[in-house]
Amino acid sequence: MLSENTSGHERRRYELSQGTTGWVEVICGCMFAGKSEEMLRRLRRVTIAKQEILLVKPKIDDRYSETEVVSHSGFRMKACSIPGSDPWEIVKVWLEVGKPPVVGIDEGQFFQDLPEVVERIASDGSRVIVAGLDLDYLGRPFLAPSVLSMAEDVTKLTAVCMTCGGPASRTQRLTGGDALIEVGGEGQYEARCRAHWTGVHG
Ligand SMILES: [Zn+2]
């Protein structure tokens, strides 16, 4: 599935995917950075290569669709919805569907015990791709840092700062509410660079 246009990084991922040893990829960044988009892009390459995939997402995230992962730009793929408080259900489903060689976990920051679950699947030979918010809106680690530590491959994506147009690494919450988990989209949050991010409420 490689063409002359395939980047070195993509080539490396492909070569890894041909082996039998598992490994872990992380796609992280702030909101609107295109994490789900990048996840779906990688998974689509896998399906074109006629490999089986399992895509899961936390049940807490019901925006757009209950049974699909949909990127902000509207790209979509079927997903299995699993409670964030019961991440071992991911392993259970993965075993039930015959241990597919590629597992995508979207919105990974909402799953408890994610490092153990990822390690369990990867150590059994599958490629695990985790997408998630690296920081919460207060700038604290959100996706379990040990998932980034254990990963063979980490991609940090940036969005566009809505104040200056520069690369944005942080998520600014614009409206009230102190709950850490408030799933939302445009209007409630926006991407900001380090200089224009103020932590709470604009
Ligand atoms: Zn800025």
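This tour moves from the whole chain to one leucine and then to a pair of strands. The model is predicted.

**The whole chain.** Begin by displaying the protein chain in cartoon form; its secondary structure comes to 5 helices and 12 strands. Of its 202 residues, 37% are buried. Among contacts between residues at least 6 apart in sequence, 72% join residues at least 24 apart.

**Leucine 133.** Next, select residues 127–133, which form strand 7, and highlight L133 within that strand. L133 counts as buried because 20 C-beta neighbours lie inside 10 Å, and 20 or more is the cut-off for that class. Now show the residues that L133 touches, leaving aside those up to four places away in sequence: C28, C30, M31, Q109, F142, L143 and T171.

**From L133 to T171.** Keep L133 selected and add T171. The two residues are 38 apart in sequence, and their C-alpha atoms lie 9.0 Å apart in space. T171 is also the way into the next element, strand 11, which covers residues 170–173.

**Strand 11.** Select this strand and view its two faces in turn. R170 and Q172 are on one side, whereas T171 and R173 are on the other. In a regular strand, side chains alternate between the two faces of the sheet. Both faces of strand 11 are covered, and the four residues R170, T171, Q172 and R173 are all buried.

**Strand 12.** Finally, add residues 189–192, which make up strand 12; this strand runs antiparallel to strand 11 and is joined to it by 4 bridges. To find one pairing, select Q172 and look across to E190, its bridge partner in strand 12.

Note on methods:
Residues are numbered from 1 along each chain as its sequence is written. This is a predicted model: local features need pLDDT of at least 70, side-chain atom pairs count only at pLDDT 80 or more; totals for chains, interfaces and linings use all residues. A residue is buried if 20 or more other C-beta atoms lie within 10 Å of its own, exposed if 12 or fewer, and partly exposed in between; C-beta atoms are placed from the backbone. Two residues are in contact if their C-beta atoms, placed from the backbone, lie within 7 Å. Two strands pair if DSSP finds at least two bridges between them.
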